[in-house]
Amino acid sequence: MFDRILDFFKKTDTPSDPMKYLIAGLGNMGSEYDNTRHNIGFNVLDLLAKDAGVHFNNDTLGDLTEIKFKGRTLILLKPSTYMNRSGKAVKYWADKHKIGSENLLIIVDDMHLDLGKMRLRDKGSDGGHNGLKDIQEKFGHNNYIRLRMGIGKDFHPSQQVNYVLGKWKKEEQDAVDIMVEKAARAVKNFTTIGLKLTMDGLNR
């Protein structure tokens, strides 16, 4: 009985801050993964941090930094757990800062979308993405916001792993840069004008 009372107060003790957001870009740590298709979530966070003049610091289960934007606090997380265990890091920092699913945004690559296309959704399946699959498992639901960034599907069926872990081609880089800039703006829009308006503008 006493344990149940303690659990109740742990859950209700401190309400979530509606002005605080956790933005998690998924990818793999290590220089060998720099500029690879699977790491485009890291690229978006790097741009946000650069524009704000802040740097990432290594912390528990990931590299983190914070930026301030129009009264909001955005905690930027690059999990160090590798893609397949992204949920462990995201859950840890969401719990630590008491950030609910409505203020959690996951940025991932999506080979089912053409290069340059993006989709913002408030829930949905993992779509075969191992990072999203682990997040869903750790949270116990799929009602979290995700920004899917198209990387295309220009590979033979047996070459999927090599493709997503491969580096961008020179002729793709301009399209990648434009998409990353749009994604960074979408993150800021999400925290200010809200999910619906951001979805309406981005998903058209």
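**Exercise 1. Decide whether Lys70 counts as buried, partly exposed or exposed, and describe its backbone.**

Step 1. The classes rest on relative accessible area, where buried means under 20%, exposed means over 50% and partly exposed lies in between, with a 1.4 Å probe and protein chains only. At 63% relative accessibility, Lys70 therefore counts as exposed.

Step 2. The structure is a predicted model, in which local features need pLDDT of at least 70 and side-chain atom pairs count only at pLDDT 80 or more, while totals for chains, interfaces and linings use all residues. Residues are numbered from 1 along each chain as its sequence is written, and side-chain values use heavy atoms, with hydrogens and water left out.

Step 3. Lys70 is found in the loop between strand E3 (62–69) and E4, where helices (H or I, at least four residues) and strands (E, at least two) are DSSP runs numbered from the N terminus.

Step 4. Most residues other than glycine have a negative phi. Lys70, although it is not a glycine, has a positive phi of about 50°.

**Exercise 2. Work out how Lys98 is classed by its accessibility, and where it is found.**

Step 1. Lys98 has 33% relative accessibility, so this residue counts as partly exposed.

Step 2. Lys98 is found in the loop between H3 and strand E5 (104–110), and its phi is positive too, near 55°.

**Exercise 3. Find how many aromatic pairs there are, and describe the pair of Tyr21 and Phe190 and the pair of Tyr33 and Tyr82.**

Step 1. Rings of Phe, Tyr and Trp (its six-membered ring) pair if their centres lie within 6.5 Å, and planes under 30 degrees apart count as stacked, over 60 as edge-to-face and the rest as tilted. By this rule there are four aromatic pairs.

Step 2. The ring centres of Tyr21 and Phe190 are 5.5 Å apart and the planes stand at 75°, so this pair is edge-to-face. The pair links distant parts of the chain, since Tyr21 lies in strand E1 (residues 20–25) and Phe190 in helix H6 (residues 173–192), 169 residues apart. Both Tyr21 and Phe190 are buried.

Step 3. For Tyr33 and Tyr82 the centres are 6.3 Å apart and the planes are at 75°, so this pair is edge-to-face. Tyr33 is in the loop between E1 and helix H2 (40–52), and Tyr82 in the loop between strand E4 (72–79) and helix H3 (86–96), so the pair ties together parts that are 49 residues apart in sequence. At 41% relative accessibility, Tyr82 counts as partly exposed.

**Exercise 4. Identify the rings over whose faces Lys78 lies.**

Step 1. A charge sits over a ring if NZ of Lys or CZ of Arg is within 6 Å of the ring centre and within 35 degrees of the ring normal.

Step 2. Lys78 lies over the face of Phe42, at 5.4 Å from the ring centre, and over the face of Phe56, at 4.3 Å from the ring centre.

**Exercise 5. Describe the largest nonpolar core and the surroundings of Leu105.**

Step 1. A nonpolar core is a set of buried Ala, Val, Leu, Ile, Met, Phe, Trp, Tyr and Cys residues joined through side-chain atoms within 4.5 Å. The largest such core has 36 residues, and those with the most contacts inside it include Ile23, Leu76 and Leu105. H6 gives the most to this core, with eight residues.

Step 2. Contact means heavy atoms within 4.5 Å. Leaving aside neighbours within four places in sequence, Leu105 is in contact with residues including Leu22, Ile23, Leu147 and Phe190.
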